[in-house]
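Here are my notes on the model, set out as numbered points. They start with the interior and then work outwards to the sheet, the helices and the overall layout.

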Amino acid sequence: MEQNLLEKTGKTLEEWKQLLAKQTFNKHGEYMTFLKKEHNVTHGFANFITLKFREADAASFSNEDLIANQYLKKENLKDIFNELDQHIKLLGSDVIVTPKKSAVSYKVKRQFALIQPSTKTRIDIGLKFNDKANTQRLETSGPFGAMCTHRVQITQPEQIDSELLNWLKEAYLEAK
């Protein structure tokens, strides 16, 4: 399939990878939709390009490197991340930790939490609940969209308090 890519799509695999690297998508389907709608690539080639792009990207970095890259020029937030990560992993041995380019996802049967260094001074914690009212601190999901139902913004380690830890536990239990 790769040998026909240039002829059928007008670009080499490397050119498609460079184009996809500029996008901010997280899901396979988002890349495919982009290729199909914006570049008129057929379903088969869109899937092939997306698979190759995502495999190359994942293979380029270890989990540790992905997390380290998230905190480049945001080193002041790394201790907050480490503390949150430790608390979440203690929720249960079934917690699956998946570092991505811009965030770390935590799931059991489904994702229940996401930690993202959103600015140089703030970490956003995305939480997914079945049905929970917003509060001043437990905001709507904001930039997380459908991945999470709520967001908590953290700028100081002392904000990792019993209220936040209870929300993390509640989201974890609902995801089981």
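1. The largest nonpolar core (buried Ala, Val, Leu, Ile, Met, Phe, Trp, Tyr and Cys residues joined through side-chain atoms within 4.5 Å) holds 28 residues, of which Leu84, Tyr106, Phe112, Ile123, Ile125, Leu127 and Leu164 touch the most other members. Buried here stands for under 20% relative accessible area, exposed for over 50% and partly exposed for anything in between, with a 1.4 Å probe and protein chains only. Two or more residues each come from helix H6 (78-89), strands S2 (104-107), S3 (111-117), S4 (123-127) and S6 (150-154), and helix H7 (162-175), and H7 gives the most, with six residues. Helices (H or I, at least four residues) and strands (E, at least two) are DSSP runs numbered from the N terminus.

2. This is a predicted model, in which local features need pLDDT of at least 70 and side-chain atom pairs count only at pLDDT 80 or more, whereas totals for chains, interfaces and linings use all residues. Residues are numbered from 1 along each chain as its sequence is written, and side-chain values use heavy atoms, with hydrogens and water left out.

3. Leu127 deserves a look of its own: leaving aside residues up to four places away in sequence, its contacts (heavy atoms within 4.5 Å) are Phe112, Ala113, Leu138, Cys148, Thr149, His150, Val152, Trp167, Leu168 and Ala171. A second, separate core has 15 residues, including Trp16, Leu20, Tyr31 and Phe48.

4. Five of the five residues of S4 are buried, so this strand is largely enclosed by the rest of the structure. Both of its faces are covered, with Ile123, Ile125 and Leu127 buried on one side and Asp124 and Gly126 buried on the other. In a regular strand the side chains alternate between the two faces of the sheet.

5. What flanks S4 in the sheet? Strands are taken to pair if DSSP finds at least two bridges between them; by that criterion S3 and S4 pair in the antiparallel sense over five bridges, and five bridges also join S4 to S6, again antiparallel. S3 and S4 form a hairpin with five residues between them, Pro117 has Ile123 as its bridge partner in S4, and Ile125 stands opposite Val152 in S6.

6. The open sheet as a whole has six strands in the order S1-S2-S3-S4-S6-S5, with antiparallel pairing. Its edge strands, S1 (96-99) and S5 (139-140), each pair on one side only. S5 and S6 share two bridges in the antiparallel sense, and Glu139 stands opposite Arg151 in S6.

7. Helix H6 packs on this sheet, touching S1, S2, S3, S4 and S6, and its direction makes about 170° with that of S3. Such angles run from 0 to 180 degrees between N-to-C directions, with axes fitted as lines to C-alpha atoms, for helices over the stretch in contact.

8. In helix H3 (residues 28-39), Tyr31, Met32, Phe34 and Leu35 are buried. Seen down the helix axis, the buried residues of H3 fall within an arc of 160° (taken over the directions from the axis to the C-beta atoms), so they line one face of the helix. H3 is followed by Asn40, whose phi is positive, near 55°.

9. Overall, the protein has seven helices and six strands, and buried residues make up 38% of its 176 residues. Along its principal axes the C-alpha trace spans about 60 × 35 × 30 Å.
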